[in-house]
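I opened a notebook page for this model and went through it one topic at a time. The entries follow in the order in which I looked things up.

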Amino acid sequence: MKSVQGNKTKLQPFEIMLSQEKIRRRILELADRINTDYAGESLVLVGVLKGCIVFMTDLMRLIKLPVELEFISAASYRKGIKQEEDIIIGGGVVIPLKSRHVLIIEGIVDTGRTASLIMKKISKLEPASVEVVTLLDKPSSHRVKIDIKYKGFSIGNEFVIGYGLDNAQRYRNLPFIGRMIDN
Ligand code: IMP
Ligand code: MG
């Protein structure tokens, strides 16, 4: 019984790539920019589950404007060829987005397909504006053109975990961004 559970109870080794303090300072800068850019307006934050959760809860507490929250979920077939059709978008946006300022909140942009697809769907609802906010971006992995107005950090084409981001659904609770160590 114990050996069967081994994989369930052990995490693979990882190292810290971006510390809690570094992330905290960067989110403060992003929030300052958002507070300035949207001064006098109200915002709808649309979080892309599940990767957005830690970043979004940090960011929203630093925004000093009236804010409403929505969530949509996105999952992609990792083994597929990863066209847009491979991405499943779930969850319903209840707040009418027409004429609203919308920020799509992502944990990480990789190929850009998820953000691009959500951007297209939200644009159809005729918002006053729609922009992407992501904690991490992998610019060298983009496969579609995507404008990211607010980004925390650009990273290389490597797999990262923590701060909401998972590897096989684990590690989301790590309070920093890490990378797996091959062993
Ligand atoms: P896309 O390729 O930009 O559509 O990103 C799809 C999704 O892949 C992201 O929202 C993340 O959930 C996931 N993803 C991409 N790169 C990483 C990574 O390095 N760590 C964890 N999740 C990732
Ligand atoms: Mg994932």
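**Entry 1: a helix and its surroundings.** I began with helix H4, where the buried residues are Arg-113, Thr-114, Ala-115, Ser-116, Leu-117, Ile-118, Met-119 and Ile-122. I note that the model is a predicted one. H4 covers residues 113-123, and 8 of its 11 residues are buried, so I wrote it down as largely enclosed by the rest of the structure. Next I asked which strands the buried residues of H4 pack against. I found S2, strand S3 (67-76), S4, S5 and S6.

**Entry 2: the sheet.** I looked up the strand order and got S4-S3-S2-S5-S6-S7, an open sheet of 6 strands with mixed pairing. Strand S4 (87-90) and strand S7 (150-154) are the edge strands, each pairing on one side only. I took the average turn between neighbouring strands of this sheet, direction ignored, as 25°. I then checked how strand S5 (residues 101-109) meets strand S6 (residues 129-137): they run parallel and are joined by 8 bridges. For Ile-108 I recorded Leu-136 in S6 as the bridge partner. Helix H2 (residues 20-37) also packs on the sheet, where it touches strand S2 (43-49), S5, S6 and S7. The direction of H2 makes about 155° with that of S7.

**Entry 3: one histidine.** I placed His-101 in strand S5. Is His-101 buried or exposed? Its relative accessibility is 18%, and the limit for buried is under 20%, so His-101 counts as buried. I found a polar contact of 2.6 Å between the side chains of His-101 and Ser-129. Leaving out residues up to four places away in sequence, I listed Tyr-38, Glu-41, Ser-42, Leu-43, Val-44, Ala-128 and Ser-129 as the residues that His-101 touches.

**Entry 4: aromatic rings.** I searched the whole structure and got 2 aromatic pairs. In one of them, the ring centres of Phe-14 and Tyr-171 are 6.0 Å apart with the planes at 90°, so I logged the pair as edge-to-face. Phe-14 is in strand S1 (residues 14-18) and Tyr-171 in the loop between strand S8 (160-161) and strand S9 (177-180), so the pair ties together parts 157 residues apart in sequence. Phe-14 is partly exposed at 26% relative accessibility, whereas Tyr-171 is buried at 6%. Phe-14 also pairs with Phe-176; this pair is tilted, at 5.9 Å centre to centre and 45° between the planes. I noted that Phe-176 too lies in the loop between S8 and S9, 162 residues from Phe-14. Phe-176 is buried, with a relative accessible area of 13%. I therefore entered Phe-14, Phe-176 and Tyr-171 as a cluster linked by ring pairs.

**Entry 5: salt bridges.** How many salt bridges does the structure hold? I counted 11. One of them joins the side chains of Glu-21 and Arg-25 at 3.3 Å, N to O. Both residues lie in helix H2, 4 residues apart, about one turn of the helix. Glu-21 is partly exposed at 36% relative accessible area, and Arg-25 is partly exposed at 45%. I also logged Arg-61 with Asp-58 at 3.0 Å, N to O; Arg-61 is exposed at 62%. Arg-172 forms a salt bridge with Asp-166, with 3.4 Å between the closest N and O atoms, and Arg-172 is buried at 14%. Last, I recorded a network of salt bridges that links Glu-15, Glu-158 and Arg-179.

Definitions and conventions
Residues are numbered from 1 along each chain as its sequence is written. Chains are lettered from A and ligands numbered from 1 in the order in which they are written. This is a predicted model: local features need pLDDT of at least 70, side-chain atom pairs count only at pLDDT 80 or more; totals for chains, interfaces and linings use all residues. Side-chain values use heavy atoms; hydrogens and water are left out. Two strands pair if DSSP finds at least two bridges between them. Helices (H or I, at least four residues) and strands (E, at least two) are DSSP runs, numbered from the N terminus. Axes are lines fitted to C-alpha atoms, for helices over the stretch in contact, and angles run from 0 to 180 degrees between N-to-C directions. Contact means heavy atoms within 4.5 Å. Rings of Phe, Tyr and Trp (its six-membered ring) pair if their centres lie within 6.5 Å; planes under 30 degrees apart count as stacked, over 60 as edge-to-face and the rest as tilted. Buried means under 20% relative accessible area, exposed over 50%, partly exposed in between (1.4 Å probe, protein chains only). A polar contact is a pair of N or O atoms within 3.5 Å; within protein, one must be able to donate a hydrogen and the other to accept it, and residues adjacent in sequence count only if both atoms are side-chain atoms. A salt bridge is a side-chain nitrogen of Lys or Arg within 4 Å of a carboxyl oxygen of Asp or Glu.
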